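Reader: I have not seen this one before. Can you walk me through it?
Author: Yes, here it is.

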Amino acid sequence: MSLALHTVNGVLASIPSPPVSYIDLGPIRIHFYALCIIAGIIAAALITNHRLTKRGAEPWVVIDISILAVPLAIIGARIFHVLTHPNFYFGEGKNTWNPFEPGSVWAIWEGGIAIFGALIGGAVGAYLGCKWTGIRFWTFADALAPGLLLAQAMGRFGNWFNHELFGLPTDLPWGLEIESSNSAFPPGLPEGTLFHPTFLYEVLWNGLGVLVLLWLGRKLFFQWGRLFAIYLIWYSAGRVVWESIRIDPSEIILGLRSNVWAAIIGIIVGLAILVVQTRRHPGLEPSPYQPGRGRKDLDADVQSQDNPSDFVDVSEPPSEETSAGATATSTAPTSTAPTSEAGAR
């Protein structure tokens, strides 16, 4: 299957799915989905570091926070997926606990992570990381918001490579091609049926959201977690729509998919943060650091070597600049004659 967009008379006719989803390097199999997620994490870290340092934080403190946030985000993402897809892992004939056989709850390499679980686990890790480094949690959350949304947009390309999480059938000219042999292909539909490319919808929505967040972030009002609140509202509102047209298996609760409910909760939490933080903190953040904490790099000797203005010349003055018997330069002058700068201030 060609990866090029299919056109008819120069008009977009369909979007093909990629012909491969992984590469083998010797005994190691590298999935493109994993590469998309890793690229998103790196992009988010770079953007967050830039935004935090502009705010006055120590450069690359984001790495210290990420050491806790990223692993807990992955763990949370897996737990959330397992809990919202119990029929995949629990029940008669299922391999629930044996990690050496396919289909266990531990087999994250087989796929199955949930963004809302990643947000919960990542928030716990970020909170612990902020306590460790002294960064205000809400300052970090606001700095992270645009990069996090970009990371989610990049990660959605992994669903495209995996031929998964597509939407309802469509005859729109940008319909997604899915092979009929795909286990997720709905039975009874003819071969060649096109589907809504929900991955692309979310990429475009999240990409637009990144621009909105970067613009809002320039305004001082969006501190104390208020920018992160807008992120939650923006992402969750889009997710309600895209999730509603997806046809992959999901738990149905009161007529809605479980992730639709998660998105609705995300909107409510975002609105609550916006209201509560506006009432609690009407002013500006005094510092990106918690009270009593601050940058650790300002007293480090290695930092001064990068800035020539930090150097102090302690060498002896040249011998020709001093003469034998010269009086001390600190002796006060005895002349009382006024100078031309006598009234300058």
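Reader: What volume does the largest cavity have?
Author: This is a predicted model, and its largest cavity has a volume of about 50 Å³. The count of cavities of 30 Å³ or more comes to 1.

Reader: Which residues line the largest cavity?
Author: The lining is made up of Arg156, Asn159, Leu165, Thr198, Phe199, Glu202, Arg239, Trp242, Glu243 and Arg246. By class, 3 of the lining residues are nonpolar, 2 are polar and 5 are charged.

Reader: And which helices supply at least two residues of that lining?
Author: Helix H5 (137-161), helix H6 (198-216) and helix H7 (226-244) each do.

Reader: Now pockets. How much space lies in the second largest pocket?
Author: About 450 Å³. Helix H1 (32-55) and H5 are the elements that give two or more residues to its lining, and H1 gives the most, with 4 residues.

Reader: Which residues lie nearest the centre of that pocket?
Author: Of the 16 residues lining the second largest pocket, Arg51, Lys54, Arg55, Gly217 and Arg218 lie nearest its centre. The whole lining has 5 nonpolar, 4 polar and 7 charged residues.

Reader: Different topic. Where is Pro169?
Author: Pro169 sits in the loop between H5 and strand E5 (176-177).

Reader: Why does Pro169 count as partly exposed?
Author: Because its relative accessibility is 40%, and partly exposed covers values between the 20% and 50% cut-offs.

Reader: What does Pro169 touch?
Author: Leaving out residues up to four places away in sequence, Pro169 touches Leu189, Thr193, Leu194, Phe195 and His196. Pro169 and Leu189 are 20 residues apart along the chain, and their C-alpha atoms are separated by 9.0 Å.

Methods. Residues are numbered from 1 along each chain as its sequence is written. This is a predicted model: local features need pLDDT of at least 70, side-chain atom pairs count only at pLDDT 80 or more; totals for chains, interfaces and linings use all residues. Side-chain values use heavy atoms; hydrogens and water are left out. On a 1 Å grid over the protein atoms alone, a cavity is a set of points where a 1.4 Å probe fits but cannot get out, and a pocket is an open set with protein on both sides within 12 Å along at least five of seven lines; lining residues have an atom within 4 Å of a point. Grid points are joined across faces, edges and corners, and a volume is the space filled by probe spheres set on the points. Ala, Val, Leu, Ile, Met, Phe, Trp, Tyr, Cys and Pro count as nonpolar, Asp, Glu, Lys and Arg as charged, and the others, Gly among them, as polar. Buried means under 20% relative accessible area, exposed over 50%, partly exposed in between (1.4 Å probe, protein chains only). Contact means heavy atoms within 4.5 Å.
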